[in-house]
Amino acid sequence: MTELTQLDGAVRGRIIRPGDADYDEARAVHNGMHDRRPAAVVQARDAADVVAAVAAAREAGIDIAVRGGGHSVPGFGTVDDGLVIDMSGLHDVHVDPANSRARVGGGATWGDVDHATHAFGLATTGGIISTTGVAGLTLGGGIGYLARAYGLSCDNLLSADVVTADGKLVTASDYQNEDLFWALRGGGGNFGVVTSMEFQLHPVSTIVGGPMLFDYEDAETVFRFYRDFIEDAPEALGCFFGWQIAPPLPFVPEDRVGDLFCALVACWTGPADEADKVLQPLRNVAEVKAEHVGPMPYPALNSAFDGLFPDGLQQYWKADFVRDLPDEAIRTHVAQAAGTPTVSSTMHMYSINGAVQRVGADETAFGHRDKAFAEVIVGAWSDTADNEANIRWVRDYYDAVHPYSGSDGGYINFMADDDAGRVEANFGRSYARLAQVKRTYDPDNVFHLNQNVVPAG
Ligand SMILES: Cc1cc2nc3c(=O)[nH]c(=O)nc-3n(C[C@H](O)[C@H](O)[C@H](O)COP(=O)(O)OP(=O)(O)OC[C@H]3O[C@@H](n4cnc5c(N)ncnc54)[C@H](O)[C@@H]3O)c2cc1C
């Protein structure tokens, strides 16, 4: 195994190698399934460290894994015998409240962003778990509560600084390296290491939201309601449908803990005095068995489910974009959900209409703006003895509902590692153009531990 000695003295961040006391901690990623042993982990402190790390790995001829928040389900943030560039030290967030913008480090999490921007009554679209990395999520698209109102995370990206495969630091925006900027907004980690991003922020502070749980027996009714309601609900309402085995939380009746429910999780960012009127139809659809909906700071909702996803769980996911949801598809979902194996396992159906669909189909590399929903089937559990059974549950669920999706592709950030065969479909209409941009910025495919776009020949 290479020692990568050329890194010593060339970087200011720590270099952690096999045998170091914290090697096991440094090589671990969120999904406990990936027990890989890198040659070294560089905990980058700045863009210069990244430049040195990319050069060293290339010289040594070893793979590079770029890690932001470490949440990639396929474990793209780690690699056997290669170099991990761990960006988590670059997590500063600088807010410019006068211009509603934030400059965000390439290793920040959504928790870092929410904390910094909330102080100014501002926010931008992020994921629904605060420990997820901003860079990985944004580069793939970025779906969250604010998407219907303000677009995907990548739609709010104004510029990015990127260390490319040839060791240059370039800025991509609407005014510089426009082709790269297009590709970064949906094309994943294919084009280099993002050291810094600038985002558009919006006036979001106290929201009215949270989960409502309904009996599993009412799921078909609730799911059909969601499909129809969300099509033209006010865009200030973010809302997704999902399954939830009730955890032991104060708002869940004690005798219902452990039961399978269906859930509507809402986030109303419009005027507070209109919240009841907007949310009432959700409460009318069936009897709400438990609910934790009310005014709360946006960061509180955005971290409300973090406890369901601690580091180290075994995770296996499958996903589709969904054009529409015929009743038969909904019945199939309900039947498959009956086997939901653990409290952290679920299916979420995210609406991607509203502001997401007002961005032109070819304005960014996110290639599926014609779809109504992004669906993800999540298997997450702690005991490796359950791997086979729980992976089977995800696959069976997916096989049953996929024929109704009206789409070959799924959201790249929701893919598992055995879905490499779907990459072209996942990028959809953007794949050919992404391959051209890849040829310009990474002709040797140095950055290939991702949903990989092969450079055009
Ligand atoms: C619990 C959980 C909840 C999630 N919720 C959502 C959600 O609500 N909405 C949503 O859209 N997605 C969600 N996701 C999916 C998430 O978007 C992807 O897992 C994403 O890849 C995570 O980014 P990361 O930086 O944490 O991951 P990492 O594992 O660090 O990186 C994943 C990929 O991103 C690239 N990457 C990361 N940082 C950089 C960087 N600085 N420069 C260049 N490339 C980089 C890497 O090359 C790699 O290919 C969730 C995932 C998990 C596990």
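Helices and strands here are DSSP runs, numbered from the N terminus. With that in hand, hello everyone, and welcome to this structure, which is a predicted model.

Let's start with the ligand. Which elements each supply at least two residues of the shell around it? They are β3, at 64–67, α4, at 134–140, and β10, at 193–200. Of these, α4 gives the largest share of the shell, with four residues.

In total, 33 residues surround the ligand, and those that come nearest are Gly68, Gly70, Ile143, Val194 and Tyr411. Sorted by class, the shell holds 16 nonpolar residues, 16 polar ones and one charged residue.

Please find Gly70 again on your screens. One of its backbone N or O atoms sits 2.8 Å from a ligand oxygen atom. A polar backbone atom of Leu137 is 3.5 Å from an oxygen atom of the ligand, and for a backbone N or O atom of Leu449 the distance to a ligand oxygen is also 3.5 Å. So how much of the ligand does the protein bury? Taken alone, the ligand exposes 940 Å², and the protein buries 97% of that.

Now for the nonpolar cores. The largest one has 89 residues, and Tyr226, Leu237, Phe241, Trp243, Leu264, Leu282 and Met349 have the most contacts inside it. Strand β14, residues 260–268, gives the most to this core: nine residues.

Let's pick out Leu264. Leaving aside residues up to four places away in sequence, Leu264 touches several others, including Pro211, Phe225, Tyr226, Phe241 and Leu282. Apart from this core lies another, of 38 residues, among them Ala116, Ile412, Tyr431 and Val437.

Thanks for listening, everyone!

Conventions
Residues numbered from 1 in each chain as written. Predicted model: local features only at pLDDT ≥ 70, side-chain atom pairs only at ≥ 80, totals over all residues. Heavy atoms only, no water. Core = buried A, V, L, I, M, F, W, Y, C linked by side-chain atoms within 4.5 Å. Buried < 20%, exposed > 50% of the residue type's maximum accessible area, 1.4 Å probe, protein only. Contact = heavy atoms within 4.5 Å. Near = heavy atom within 4 Å. Polar contact = N/O pair within 3.5 Å; in protein donor to acceptor, adjacent residues only side chain to side chain. Areas by Shrake-Rupley, 256 points an atom, 1.4 Å probe, with all protein chains shown as cover. Nonpolar A, V, L, I, M, F, W, Y, C, P; charged D, E, K, R; others polar.
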